[in-house]
Amino acid sequence: MNSTAFQVIKHNRLSIIERWQEEMSNFQEGERELTHVTREVFLNANTEFIDKLMAQVTNDHETISPELKDFFERTIQIGWPLNYITQGLQTFLRVTLQVIMDQDFDKEEAFKIYDLLDRSIDGLFNEIVQYTTHTWKNTISVQKMALLELSAPLIPVFEHITVMPLIGTIDTERAKWIMENLLEGAIKHRSQVVLIDITGVPIVDTMVAHHIIQAAEAVRLIGAKCILVGIRPEIAQTIVNLGIDLSEFPTRSNLLKGIEAALELTNKKIETLS
Amino acid sequence: MAAQTCVDVRNEWDIVSARQLGRDLSKELGFSSVDQARITTAISELARNIYLYAGKGKVCIEPVKDVNRSGLQIIASDTGPGIQDIRKVMQDGFTTSGGLGAGLPGVKRLMDEFSINSSVDIGTEILITKWLR
Amino acid sequence: MRIPILKLHEYLLISIQMELDDMTALQFQEDLLNKIHDTGARGVVIDLTSVDMVDSFIAKVLGDVVKMSNLMGAKVVMTGIQPPVAITLIDLGIVMRDVPTALDLEQGLDKLQQELEV
């Protein structure tokens with residue numbers, strides 16, 4: 001940054017900080033994420049923010065200082081809104097501009113100073129946007145994996161009998177995941193019978209039925225049997241109305257009936273002790 | 001690794017070499033065991049088609065990159081009789097060899113991308129791609 | 001290369017441990033049928049645990065050998081089909097509905113025993 005700009009900011013350091021503090025002190029109102037933050041903590045954060053920002057600007061670094069970066073990252077990590085930081089940077093730009101305008105510079109000089117300042121704040125904006133998008137992208141991909149894993153659990157209920165409850169809509173990607181999980185799990189648990197429970201699947205159309213039939217065929221190929229359970233009345237209706245042929249696979253209305261059938265297939269039964 | 005590797009297909013054993021190459025490359029690129037099997041099987045089907053219908057041709061395999069993903073591309077080409085009616089061979093159950101008729105529609109289902117180019121008496125080229133998930 | 005066929009009482013056991021080229025597959029078909037004829041075996045278990053790929057040709061040879069064995073009075077059970085193989089077969093549209101399957105050799109033998117008792 002050129003020396004004039006430097007001098008102006010350094011010289012008016014205190015009044016910039018004061019005006020900034022004044023404007024930013026109102027930020028807490030109306031921010032839902034900050035309603036449970038005490039006034040003291042908020043004002044302390046403000047002081048830290050402006051001190052580090054001021055140090056960054058007056059030290060004239062090309063890149064963001066580790067201290068300021070650390071402050072940004074901490075603020076985001078504890079769940080403060082991103083616009084606390086963006087608002088802070090914009091407010092800094094605005095109050096500094098006011099201060100510059102209060103001086104007696106000619107137009108060109110004033111513009112030069114402002115331009116330099118703007119560019120240096122721009123770098124900070126980029127930094128924070130990059131950091132947050134990176135964090136969000138990570139979070140999304142972790143959640144996507146977690147969701148996929150949650151979406152097709154395989155539960156061994158008796159020796160050689162395993163249940164896979166399906167919940168939610170089934171698209172092609174999920175269907176592939178379900179199939180792989182189902183087969184790996186069936187082998188791991190040495191399942192002779194696998195019950196697929198579709199109680200939690202809201203809509204069974206031709207596509208979903210196709211995926212379920214394929215999964216059942218694959219289960220048969222690896223050497224286990226598949227029973228489809230949780231066929232609600234409306235699903236039975238759609239299956240027949242759509243002309244979907246499920247006759248190759250045993251089906252039961254609910255999980256209980258399915259387990260009884262599975263026990264029978266594995267030569268077991270549950271008896272009441274007299 | 002970006003180089004293209006080819007196997008000439010003239011006899012039944014070349015089918016095995018072609019799928020061995022696909023198996024090795026897909027493993028190297030980090031495909032899941034299911035996708036490795038899909039790629040290997042697709043190559044086997046295409047190489048067998050060359051052997052059965054064209055007599056000779058080649059299967060080329062190379063790693064490919066897109067904007068945000070990478071994968072494996074396979075080109076099976078021959079200078080055989082070509083395919084009269086592509087629409088027909090892309091129907092499930094169509095077969096001229098007395099096989100299961102899983103053929104090309106099956107290959108298409110195994111892969112993410114499938115394109116075919118064929119002219120009668122000139123030859124056939126099939127390009128398939130599988131992307132890393 | 002030939003696939004070894006083991007005899008155990010009235011059963012034949014085959015574990016396919018090699019890359020199946022077309023000739024080996026067809027040779028196996030012939031060998032198995034001859035062995036059924038020679039031994040009068042009533043049951044056959046073909047274990048595919050070590051097979052990592054089955055294309056439509058091999059699937060057809062295996063499917064055919066099951067039908068041919070049945071004609072000769074021997075029941076066949078296929079065991080140990082791995083998930084990647086099962087999934088690719090489904091993708092290819094091959095379901096082998098007439099082929100009895102079991103998880104592993106042990107359950108395959110149990111299945112044969114049950115079917116032969118009835």
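**The interface of chains B and C and the sheet of chain B**

In this predicted model, eleven residue pairs, both members at pLDDT 80 or more, are found in polar contact across the interface of chain C and chain B. On the side of chain C that touches chain B, the helices α1 (22–39), α2 (56–71) and α3 (83–92) each supply at least two residues, and by class this side comprises eleven nonpolar, three polar and seven charged residues. Seven salt bridges are also found across the interface of the two chains, among them one formed by Glu19(C) with Arg23(B), in which the closest N and O atoms lie 2.7 Å apart.

In total, 21 residues of chain C are in contact with 24 residues of chain B. The area buried between the two chains is about 1900 Å², and carbon and sulfur atoms give 57% of it. Within chain C, the residues that lose the most area to chain B are Glu19(C), Asp91(C) and Leu92(C), which together account for 27% of what that side buries.

Chain B itself contains an open sheet of five strands, with antiparallel pairing and the order β1-β2-β3-β5-β4. Its edge strands, each pairing on one side only, are β1 (5–9) and β4 (113–119), and the twist from one strand to the next averages 15 degrees. Helix α1 (residues 12–29) of chain B packs on the sheet, where it touches β1, β2 and β3 (70–78), and its direction makes about 160 degrees with that of β1(B). Helix α2 (residues 33–54) of chain B also packs on the sheet, touching β1, β2, β3 and β5 (123–131), with a direction that makes about 10 degrees with that of β3(B).

Methods
Residues are numbered from 1 along each chain as its sequence is written. Chains are lettered from A and ligands numbered from 1 in the order in which they are written. This is a predicted model: local features need pLDDT of at least 70, side-chain atom pairs count only at pLDDT 80 or more; totals for chains, interfaces and linings use all residues. Side-chain values use heavy atoms; hydrogens and water are left out. Two strands pair if DSSP finds at least two bridges between them. Helices (H or I, at least four residues) and strands (E, at least two) are DSSP runs, numbered from the N terminus. Axes are lines fitted to C-alpha atoms, for helices over the stretch in contact, and angles run from 0 to 180 degrees between N-to-C directions. Contact means heavy atoms within 4.5 Å. Buried area is the accessible area (1.4 Å probe) that two parts lose on being put together, summed over both. A salt bridge is a side-chain nitrogen of Lys or Arg within 4 Å of a carboxyl oxygen of Asp or Glu. A polar contact is a pair of N or O atoms within 3.5 Å; within protein, one must be able to donate a hydrogen and the other to accept it, and residues adjacent in sequence count only if both atoms are side-chain atoms. Ala, Val, Leu, Ile, Met, Phe, Trp, Tyr, Cys and Pro count as nonpolar, Asp, Glu, Lys and Arg as charged, and the others, Gly among them, as polar.
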